[in-house]
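Please walk me through this structure in the viewer, telling me what to select at each stop and what I should find there.

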Amino acid sequence: MKLPQLTPSKLSKLLLTPLLISAFWGSLLNPQAGMAREAFAPSEASLAQSCNFTDWVAGRQYYTGNIVRYNGSFYVAEHDNPGYDPTISTWFWEPTSCGGGGGGGGSCSYTDWVAGRQYYTGNIVRYNGSFYVAEHDNPGYDPTISTWFWEPTTCGGTNPPPVSGFGAIVSKAQFEQMFPNRNSFYSYEGLVQAAAFYPAFAGTGSTEVRKREAAAALANFAHETGNFVHITEIAQGEYCQNSAQWPCAPGKRYFGRGPIQLSWNYNYGLAGQALGLNLLNDPDLVSRDSAVAWKTALWYWMTQRGPGSMTPHEAMVNGNGFGETIRSINGSVECNGGNPGQVQSRVSSYQSITNRLGVSPGNNLYC
């Protein structure tokens, strides 16, 4: 017989049970004393919220934070697992409340954050007037600094609702789990800020379509940058083409920079014009400012067909499939048998990200 495995949070619940029973009987005998205990006792989160979930499938890979529906109840993954049964593998899954749909809200139990106090996954604290939920057990780290351990949340309507667009589809915790070794230049905050400039990005169509577009963009951007490690191109060429409209500035070079590795003087000129930035005379701004770098990538994604017949955004929202995004970025250099290894690398990354987001990758993965 397999003994149940206890996480620190489950162990704390067992240890607290006798105390809670004692407090209950004490409150019957002395109601005022009972109310005093209730006012100061630390409580665990009991947030009734709506959330994004998928129906549980045996054998499917799940990651920490994924929420599934199983036999009418909801469970959140406490640890990565290859599709274990939520009612049996209780070390990997924790029951949770989930009203369906997207977002959060409602009232919840919380305590004021105290430095050095032990917190467990799911605990909610109030800190400087805002609320944070523990994404991982931690010994009282600052919620605004240790963002891997804490995530902003809503509680009683004090905080604003989750952002729309990309930020509502991919959380910071998910982004950091997808790319744990990324260069800090490629910040989640910079991406969310850039996405606000193009609200249709990961904001068009059903939740399934929006997740696929977010995954497609991240997969292609990650491929271009070595999983968000390289800010600039390794082999830095001149990339200057004679152009009356977009002449190369003296001493400036237009090699690849940022998530899409923006290259050539005319692309810097066009992107700068669209974004209200003088990138033709200051191409290095793309490698200095995270939000600008992300904006250039989304500019291409949303508006440029490249060597393809549609923009990458159109390919995803119109159901043409991930393969067409590859064609719009690199055309025959990779597609039509040009470099099947590179195509497979992009597809594998896309499949991994859609899996993390709990959505199928769809059809037409290759070009």
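## The cavity

The largest cavity in this model, which is a predicted one, has a volume of about 30 Å³. A search of the whole structure finds one cavity of 30 Å³ or more. To frame this cavity, select Tyr-63, Thr-64, Asn-66, Gln-174, Gln-177 and Arg-356, the residues that line it. By character, this lining divides into one nonpolar, four polar and one charged residue.

## The nonpolar cores

Next, select Phe-166, Phe-201, Leu-218, Phe-221 and Trp-301, which have the most contacts inside the largest nonpolar core, a set of 59 residues. Helix α9 (residues 290–303) supplies the largest share of this core, with nine residues. Nonpolar side chains tend to be buried together in soluble globular proteins.

Keep Phe-166 selected and show its surroundings: leaving aside residues up to four places away in sequence, Phe-166 touches Tyr-188, Leu-191, Val-192, Ala-195, Phe-201, Ala-202, Ala-214 and Leu-218. Another core, of eight residues, lies apart from the largest one, and Val-68, Ala-77, Phe-92 and Trp-93 are among its members.

## The salt bridges

Side chains of opposite charge can pair when their charged atoms come close. With a salt bridge taken as a side-chain nitrogen of Lys or Arg within 4 Å of a carboxyl oxygen of Asp or Glu, the count comes to 10 salt bridges, and the tour stops at three of them.

Begin with Lys-172 and Glu-189, whose side chains meet in a salt bridge with an N to O distance of 2.7 Å. The pair links distant parts of the chain, since Lys-172 sits in helix α4 (residues 172–178) and Glu-189 in helix α5 (residues 188–197), 17 residues apart. Lys-172 counts as buried, at 12% relative accessibility, whereas Glu-189 counts as partly exposed, at 43%.

Move on to Arg-346 and Glu-224, a salt bridge in which the closest N and O atoms are 2.6 Å apart. Arg-346 lies in helix α12 (residues 340–357) and Glu-224 in helix α6 (residues 207–225), so this pair ties together parts that are 122 residues apart in sequence. Arg-346 is buried, with a relative accessible area of 1%, while Glu-224 is partly exposed, with a relative accessible area of 22%.

Then select Asp-284 and Arg-257, whose side chains meet in a salt bridge at 2.9 Å, N to O. Here too the pair links distant parts of the chain, 27 residues apart: Asp-284 is in the loop between α7 (265–275) and α8 (285–288), and Arg-257 is in the loop between α6 and α7. Asp-284 is partly exposed, with a relative accessible area of 31%, and Arg-257 is buried, with a relative accessible area of 2%. Before leaving the salt bridges, add Glu-334 to the selection, as salt bridges that share partners join Glu-224, Glu-334 and Arg-346 into one network.

## Two positive phi angles

Most residues other than glycine have a negative phi. Against that background, select Asn-336, a residue other than glycine whose phi is positive, near 55 degrees. Asn-336 lies in the loop between α11 (322–330) and α12, and at 60% relative accessibility it counts as exposed.

The last stop is Asn-364, which is found in the segment after α12. Although Asn-364 is not a glycine, it has a positive phi of about 55 degrees. With a relative accessible area of 48%, Asn-364 is partly exposed.

Note on methods. Residues numbered from 1 in each chain as written. Predicted model: local features only at pLDDT ≥ 70, side-chain atom pairs only at ≥ 80, totals over all residues. Heavy atoms only, no water. Helix = DSSP H or I, 4+ residues; strand = E, 2+ residues; numbered from the N terminus. Buried < 20%, exposed > 50% of the residue type's maximum accessible area, 1.4 Å probe, protein only. Core = buried A, V, L, I, M, F, W, Y, C linked by side-chain atoms within 4.5 Å. Contact = heavy atoms within 4.5 Å. 1 Å grid on protein atoms, 1.4 Å probe; cavity = no way out; pocket = protein on both sides within 12 Å on 5 of 7 lines; lining within 4 Å. Points joined across faces, edges and corners; volume = space filled by probe spheres on them. Nonpolar A, V, L, I, M, F, W, Y, C, P; charged D, E, K, R; others polar.
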